[in-house]
Amino acid sequence: MTNVPSGIEVLDYEFTGSVDAGRFDPVLVGVVGSGNLEVLIEPAAGLVCTVHVETSARGYGPIWQAVVSDFHQRHPLAGMRVSIHDMGATPAVVGLRLDQAISDLRSLDQ
């Protein structure tokens, strides 16, 4: 586990994917700053998609669960690890950043 600053909440989710993400270079979108977040998507082994969230907005676990579940319903990818570093972004911004990261994926198999 990484060293997490005091006051940061850590949330972890795991979803079984139905579409293999294939080989791809890591993708980083967004900038951590006041009211924003960054999303890093990396390849991982297996049939799951893991989502690791570090957020300054404590106590919003059910909202995060809904946002990442909605993301995985739209993009049921397997073999990827998603890391989110958040400084208070709204759920709509989180969803947009996740979609942006997926659209930036470049398969190395093509």
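**Exercise 1. In which helix is H72 found? Work out its surroundings too.**

Start with the placement: in this predicted model, H72 belongs to helix α1. Next, check how much of the residue can be reached from outside. The relative accessible area of H72 is 7%, and the cut-off for buried is under 20%, so H72 counts as buried. Finally, list its contacts. Setting aside residues up to four places away in sequence, H72 touches F15, T16, G17, C49 and L77.

**Exercise 2. Work out the strand order of the open sheet, then find its edges.**

Step one is the order: the 5 strands run β1-β5-β7-β4-β3, and their pairing is mixed. Step two is the edges. β1 and β3 each have a single partner strand, so one side of each has no neighbour in the sheet. As for the twist, neighbouring strands are turned by 15 degrees against each other on average, ignoring direction.

Now put the helices on. α1 packs on the sheet through contacts with β1, β5 and β7, and its direction makes about 30 degrees with that of β1. α2 lies across β3, β4 and β7, running at about 35 degrees to β4.

**Exercise 3. Take β7 and describe its pairing on either side.**

Go one partner at a time. With β4, the link is antiparallel and made of 7 bridges. Here V39 stands opposite I84 in β7. With β5, there are 7 bridges again, but these two strands run parallel. On that side H52 stands opposite S83 in β7.

Then ask how β7 sits in the fold. Of its 7 residues, 5 are buried, so β7 is largely enclosed by the rest of the structure.

**Exercise 4. Which residues of the largest nonpolar core touch the most other members?**

The core holds 27 residues, and the ones to pick out are V39, I41, V51, V82 and I84. To see where the core draws its residues from, go through the elements giving two or more: β1 (9–16), β3 (27–30), β4 (37–43), β5 (48–55), α1 (61–74), β7 (80–86) and α2 (91–103).

For a close-up, try V82. Leaving out residues up to four places away in sequence, V82 touches V39, L40, I41, C49, T50, V51, H52, F71 and L98.

**Exercise 5. Is L98 of α2 buried or exposed? Use the answer to sort out the sides of the helix.**

First, the helix itself: α2 has 13 residues and spans 18 Å from first C-alpha to last, close to the 18 Å expected at 1.5 Å a residue. L98 is buried, and so are V94, G95, A101 and I102. These buried residues cover an arc of only 125 degrees around the axis, which puts them on the same side of α2. A handy reminder: an α-helix has 3.6 residues a turn, so residues three or four places apart point the same way.

Flip to the other side of α2 and you find A92 and L96 exposed. What does the buried side pack against? The buried residues of α2 meet β3, β4, α1, β6 (77–78) and β7.

**Exercise 6. Where is H75, and which residues does it contact?**

H75 sits in the loop between α1 and β6. Leaving aside neighbours within four places in sequence, H75 is in contact with D99 and I102. I102 is one of the buried residues of α2. To finish, relate H75 to C49: the two are 26 residues apart along the chain, and their C-alpha atoms are separated by 10.0 Å.

How values were computed: Residues numbered from 1 in each chain as written. Predicted model: local features only at pLDDT ≥ 70, side-chain atom pairs only at ≥ 80, totals over all residues. Heavy atoms only, no water. Core = buried A, V, L, I, M, F, W, Y, C linked by side-chain atoms within 4.5 Å. Buried < 20%, exposed > 50% of the residue type's maximum accessible area, 1.4 Å probe, protein only. Helix = DSSP H or I, 4+ residues; strand = E, 2+ residues; numbered from the N terminus. Contact = heavy atoms within 4.5 Å. Pairing = 2+ DSSP bridges. Axes fitted to C-alpha atoms, helices over the stretch in contact; angles between N-to-C directions. Expected span 1.5 Å × (residues − 1). Arc of directions from axis to C-beta.
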